[in-house]
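Welcome, and take a moment to turn the structure around before reading on. The paragraphs below walk from one pair of helices to the next, then on to charged pairs and a few single residues.

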Amino acid sequence: MISRQYSIRMLPTEILENIFSMLDLEDLHQAVLVCRKWRQVGENPRLWKRNGFGHLEILVESDLEFLDTRRLQHIEELILDAEAQLGRSDIKLLIKSVEKLDRLKYLDIPRSNLSSFKPARLAKIVSKLVALDISNCCLTNKQVEAILKVLSENSKMENLHISDNDLSTVEPDVLAIAANKLLGLEMNGCHLTSEQGRAIFNRMSDETKLVSLRVFESRIDLSSLEPDVLATALNKLEIVDGCFWNLTDHQTRAIFKQMAQYSKLRVLRISYTNMSAVNPSILASAISMLEKIHVDYCRLTKDQGEAILNHISEGTKLTELNISGTNLSAVDANLMAKAVNMLEVVKMEDTEITSAQMNAILRQAVDNSIMKEFHGKWYQDEIDEEVFEQVQETVKMYVNGIQILRRCQWNTL
């Protein structure tokens with residue numbers, strides 16, 4: 001009779017791997033503690049990947065030790081938690097480990113000071129990734145130039161977040177080629193030159209893979225760009241998130257005229273951009289084709305505001321509207337109430353509306369509404385408190401960015 005010990009020791013590695021592949025995570029943890037051979041077989045990274053170890057989130061410094069274990073050598077996604085605070089030596093260990101992870105595709109390490117690493121070293125890491133977040137990483141000009149050069153030449157990269165870094169020294173054509181090879185690009189708060197902006201949108205109007213472009217709080221002067229070129233470029237995308245863009249009246253008219261005719265856009269934020277020259281009917285028609293629109297602080301006229309709400313009241317795809325900083329006090333109260341309650345999220349901060357309009361919105365919200373959030377500014381003695389409390393049961397109400405949960409909160413705002 002063959003002893004149990006002998007039979008286990010003689011089991012081929014392939015059979016053990018098959019057995020281990022059927023174990024859940026807890027049982028696999030126990031199996032690798034049985035003996036040296038079981039540990040050697042059980043540490044196969046393929047087994048752990050099946051149990052969800054394709055992803056690792058670094059929460060504290062001690063988590064970095066796991067990156068050197070064999071079981072994690074096949075991870076595809078590595079994320080640095082937003083609350084994690086790594087010192088210089090920890091970041092060096094992190095980058096060294098990342099270089100060994102041949103199957104890594106997604107790297108999310110924002111707010112990590114990478115300024116001490118050689119540009120070529122970072123560029124080599126970037127070249128093998130599919131998605132990367134290196135926002136606010138104190139990148140030097142040389143590092144940024146090396147990274148964008150790699151992306152412009154030969155890269156697997158699809159999504160890049162490089163916000164809060166200075167990109168102004170990158171050659172305009174290099175940045176334009178790299179940007180338009182991506183599916184998603186986020187450059188919020190980046191220093192960009194007007195030449196770079198022109199290069200990006202000129203290339204985009206001809207050919208691009210971009211679906212999503214976020215350039216929020218990056219003050220770009222695009223005023224010298226041909227209106228039709230800019231309009232063609234933006235309407236090729238599905239998501240555009242920007243503000244403080246220096247655009248001419250001709251450019252804003254061209255953008256919305258084309259959008260009203262044909263556009264792929266679903267989400268548009270064009271905050272703090274003067275749009276007062278756009279024809280109200282064309283503007284409203286274009287906005288009604290979107291899912292989300294932010295036209296806050298865009299110097300909208302009373303006619304434009306009324307046209308937008310009128311189109312919404314007739315039925316649109318729109319689910320979210322930010323029209324903060326607009327004077328809507330002349331709009332019919334019932335029209336406004338109907339339009340607002342046909343949306344899920346409405347932001348009217350610093351928007352001039354009357355108490356009659358606000359009460360109409362609240363009454364409609366009680367009777368028939370799909371609204372989930374309303375952001376505005378009003379005074380307690382202007383509204384029907386009983387109706388307001390009924391609305392609060394289904395709608396999150398915000399005043400000055402603070403959610404009103406209790407009646408006593410009124411006195412603090």
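Start with two helices that pack against each other in this predicted model. Helix H11 covers residues 227-234 and helix H12 covers residues 249-261; their axes come within 8 Å and cross at roughly 40°. An angle of that kind is neither under 35 degrees nor in the range from 65 to 115, and H11 and H12 are therefore oblique to each other. The crossing of this pair, H11 and H12, is right-handed.

Which residues of H11 and H12 meet? On the H11 side you will find Pro-227, Asp-228, Leu-230, Ala-231, Thr-232 and Leu-234, and they meet His-250, Gln-251, Ala-254, Ile-255 and Gln-258 of H12. Sorted by class, the residues of this contact between H11 and H12 are six nonpolar, four polar and one charged.

Now stay with H12 and look for its contact with H13. The axes of H12 and H13 also come within 8 Å, and they cross at roughly 55°. H12 and H13 are therefore oblique to each other as well. The crossing of H12 and H13 is left-handed, whereas that of H11 and H12 is right-handed. From H12, the residues Phe-256, Lys-257, Met-259 and Ala-260 take part, and they meet Ile-282, Leu-283, Ser-285, Ala-286 and Ile-287 in H13. The contact of H12 with H13 has seven nonpolar residues, along with one polar and one charged.

Let us step back for a view of the whole chain. Its secondary structure comes to 17 helices and 15 strands. Of the 413 residues in the protein chain, 47% are buried. Contacts between residues at least 6 apart in sequence tell you about the fold too: 70% of them join residues at least 24 apart.

Next come the charged pairs. Side chains of opposite charge can pair when their charged atoms come close. How many salt bridges does the structure hold? There are eight salt bridges in the structure, and a few of them are worth visiting one by one.

One of them pairs Arg-121 with Glu-99, with the closest N and O atoms 2.7 Å apart. This pair links distant parts of the chain, since Arg-121 sits in helix H7 (residues 119-127) and Glu-99 in helix H6 (residues 88-100), 22 residues apart. Arg-121 has 31% relative accessibility and so counts as partly exposed. Glu-99, with a relative accessible area of 32%, is partly exposed too.

Another salt bridge stays inside a single helix. Glu-195 and Arg-198 both lie in helix H10 (residues 194-206), three residues apart, which is about one turn of the helix. Their closest N and O atoms are 3.9 Å apart. Glu-195 is partly exposed, at a relative accessible area of 41%, and Arg-198 is partly exposed at 24%.

A third example brings you back towards H12. Glu-291 forms a salt bridge with Arg-266, and the closest N and O atoms are 3.4 Å apart. Glu-291 lies in the loop between helix H13 (280-287) and strand S10 (292-294), while Arg-266 lies in the loop between H12 and strand S9 (267-271), so the pair ties together parts that are 25 residues apart in sequence. Both ends are partly exposed: Glu-291 has 31% relative accessibility, and Arg-266 has a relative accessible area of 29%. Elsewhere, Arg-214, Asp-241 and Arg-269 are joined into one network by salt bridges that share partners.

Finally, look at two residues inside the fold. Is Ile-270, in strand S9, buried or exposed? Ile-270 has a relative accessible area of 3%, and because buried means under 20%, Ile-270 is buried. Beyond residues up to four places away in sequence, Ile-270 touches Gly-242, Leu-247, Met-275, His-294, Val-295 and Cys-298. Tyr-297 is 27 residues from Ile-270 in sequence, and their C-alpha atoms are 9.3 Å apart in space.

The other residue is Gln-143, which has its place in helix H8 (residues 141-153). At 0% relative accessibility, Gln-143 counts as buried. Setting aside neighbours within four places in sequence, Gln-143 is in contact with Leu-114, Ser-115, Ser-116, Phe-117, Pro-119, Leu-122 and Cys-138.

Notes:
Residues are numbered from 1 along each chain as its sequence is written. This is a predicted model: local features need pLDDT of at least 70, side-chain atom pairs count only at pLDDT 80 or more; totals for chains, interfaces and linings use all residues. Side-chain values use heavy atoms; hydrogens and water are left out. Axes are lines fitted to C-alpha atoms, for helices over the stretch in contact, and angles run from 0 to 180 degrees between N-to-C directions. Helices (H or I, at least four residues) and strands (E, at least two) are DSSP runs, numbered from the N terminus. Angles under 35 degrees count as roughly parallel, over 145 as roughly antiparallel, 65 to 115 as roughly perpendicular and the rest as oblique. A crossing is left-handed if the near helix is turned anticlockwise from the far one by less than a right angle, and right-handed if clockwise. Contact means heavy atoms within 4.5 Å. Ala, Val, Leu, Ile, Met, Phe, Trp, Tyr, Cys and Pro count as nonpolar, Asp, Glu, Lys and Arg as charged, and the others, Gly among them, as polar. A salt bridge is a side-chain nitrogen of Lys or Arg within 4 Å of a carboxyl oxygen of Asp or Glu. Buried means under 20% relative accessible area, exposed over 50%, partly exposed in between (1.4 Å probe, protein chains only).
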